[in-house]
Structure formats: structure tokens, C-alpha cells
Amino acid sequence: MIRLAALFVCTVLGAGFATGQEIMRYFTDYGIVGLLGVLVSSAVFGLCLYKTKYYNNFGEILDDMPFCAEVVIFLSFIIFYSAMISAMGEIVWELFGVNKVLTGVLMAFLVCTLTIMGAENIIAFSEIICLPMIVITVIVGIKLMLMPMEFRPPASSVKGAFSPFIYVSYNLASSLAVVTEHKYKKGMATFSAILIGITALAIAIPLYKYYGFVKSCPLPVLSLLPQGELLTYLYIFTIGGAVFTTAVSNSYSASQYLENKTGKNRAVVCVTVALLSLLLSFIGFENIVARGYFVFGLTGLLLMFKVLFKKRTNW
């Protein structure tokens, strides 16, 4: 149960989450309403995960959905995979000055290799890396909450009432595609929801508290951490781990979908997905987010509602 919950949480922890960008955009910008939205999104994630016990695989979730919606969901896996490659290139370039293309090629190779090895190895990898990432994130959050800085929170806004559902819609497809490959375990949904909630609040509360200082920062969490400290370096590792695990989950989801549709060899499919994602990554992380996320969010909402309102027919 802990292994699958860790895998589910890892697919949610992406570049935007770990850096604080997504937390700012979907929650902190809306003040107290946004902080409550963190709890709502965690509950929705947990409920969607609970509903997966009525499905044997991700293909069953896609049944009866319009073909165009299936295509968009598949493309969303590719786009999110490419966005993570691009994000890793940006991070490594900013921190170490390593060429972005070289970083992208190396990451695509590693992600492709792990995807070919299959779901069990992906789960084993996530079990090793995810729990330390969560612990580091929570420690960083507590440290930031206790910092002696001026309290500059944002104003509350009811516009944030819809953000939890939009946030879930962006992250749900790849999470379910991996998790539904394994039988649902009792308590997994509750445990996953709690882990996501704790991790998200650890980031959201400091960003809410110091909103006036970080609202314009591209890396809001790192901008608050002191340079040169061990915890800062550990958090950089966490961001890198979050990017990598999200890339793996989207790579697996896209490859599994394509393999089922075409019947091609897994290795061939995984390499094809990696090459497509690598080529798209050259567009740049910000351009990918600006041009692709809105459409994928709408399709994700359709998927979310289908899962949430699944009736107990085959379990």
C-alpha cells in the first residue's frame, strides 16, 4: 500500500509543485481560500484514487470517451514529459552551467530505460526516492514558516474556489495510468491524500506568509532558502527528483497507451515517445506551459468527472 501511495504522490510532485510555481498559481494567489483549496485538492485526489478500485486498467477509464479526448490525453503525456525534460535542462543550466541539450538527452535516456524496465521497477524507484523527497519538503516548509520575516500575505479571493479541481485535472491522468496497473489496496487513497496534503501545505503556508516577497520570483521556494546551506542543496535534489519522477510517470503512461493501441514492442514504443518528447522539449518549458496546459486541463476535467462519478458496476 505504501509503495503505490508513494508512486501516486510522486506523479503529482512535478517541477511546478516543488519549486512552488504551481502552488502559487493555483492556491497561494487566492489567500486563505487558496489554502483551503489545498485540502480540497488533496481530498479530490484521494477520492479519484479510491475510485480506481472499480477499474482494472487505464484503458477501462478511457472507454466510452471521445476518440479526440483520448488523443489529447495521450498528447498531454508527451507534452508533460517534454516539459519535465525542458525544466531539468533549465535547472541544471542555472545551477551548474551544463548544456541544456546534453541534460535533456541524458534525462530522456534514463527515463526511457526505466520505462522499458516496467511498472514494478518504477514503483521500486519511487519508493526509494519519494519518501525522502516528502520529508525534505516538509522540513523546508517548517524552516520557512519559522523564519523571522515580515508577514505579507495575499488578499483572499473566491476565484480560488475552482483552482483545486483545475489543479487535479492537470495531474490526474498520468497518476491514474500508472496506479491502475496494480490492484487497489485498502487505505491507499486516504494515505495518499494525507501525504499530498501535508506536502502541499508545507510549501503553501510559507508562500502565503511571505507572498509579498516571492510573488514575482520564478523559483519562490528557493528564493526564500539561504544559499550554501545543506538543506538548500537537499531541496534542489528534491526538485530534480520531482521533475524526474513526473517525467517517468508520463513516459510510462504514453508508452503504455501507444503499446496497447499499436501492439508494437515496448522498447520501440518507449524510444519513440522519448524522441518525440525530447524534440518538443526544445520549445522551452514556459512556451510548453503557455500553449499546451489549458487544453489538457479541460480534457483532464472530463477524465476527473468520469472517474469521480463511476458507478459500482464491476467490482
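On the side of helix α14 facing away from its buried residues sit Leu-275 and Leu-279, both exposed in this predicted model. The helix itself covers residues 266-281, 16 in total, and stretches 22 Å from its first C-alpha to its last, close to the 22 Å expected at 1.5 Å a residue. Tucked away on the other side are Val-269, Cys-270, Val-273, Ala-274, Ser-277, Leu-278 and Ser-281, which are buried. Looking down the axis of α14, these buried residues fall within an arc of 165°, so they line one face of the helix. That pattern fits the usual geometry: an α-helix has 3.6 residues a turn, so residues three or four places apart point the same way. At the start of α14, Asn-265 lends a hand, with a side-chain oxygen within 2.8 Å of the backbone nitrogen of Ala-267.

As for the cysteines, the structure has zero disulfides. Cys-112 is buried, at a relative accessible area of 9%. The cysteine sulfur closest to that of Cys-112 belongs to Cys-270, but at 5.4 Å the pair is too far apart for a bond. Cys-270 is also one of the buried residues of α14. Cys-68, by contrast, counts as exposed because its relative accessibility is 55%.

Turning to pockets, the second largest encloses about 200 Å³ of space. Its lining is made up of 13 residues, and those closest to the centre are Phe-58, Gly-59, Leu-62, Tyr-257 and Asn-260. Helices α5 (58-62) and α13 (230-262) each contribute at least two lining residues, with α13 giving the largest share, five residues.

Conventions: Residues are numbered from 1 along each chain as its sequence is written. This is a predicted model: local features need pLDDT of at least 70, side-chain atom pairs count only at pLDDT 80 or more; totals for chains, interfaces and linings use all residues. Side-chain values use heavy atoms; hydrogens and water are left out. Helices (H or I, at least four residues) and strands (E, at least two) are DSSP runs, numbered from the N terminus. The expected span of a helix is 1.5 Å times one less than its number of residues. Buried means under 20% relative accessible area, exposed over 50%, partly exposed in between (1.4 Å probe, protein chains only). The arc is that of the directions from the helix axis to the C-beta atoms. A polar contact is a pair of N or O atoms within 3.5 Å; within protein, one must be able to donate a hydrogen and the other to accept it, and residues adjacent in sequence count only if both atoms are side-chain atoms. A disulfide is a pair of cysteine sulfur atoms within 2.5 Å. On a 1 Å grid over the protein atoms alone, a cavity is a set of points where a 1.4 Å probe fits but cannot get out, and a pocket is an open set with protein on both sides within 12 Å along at least five of seven lines; lining residues have an atom within 4 Å of a point. Grid points are joined across faces, edges and corners, and a volume is the space filled by probe spheres set on the points.
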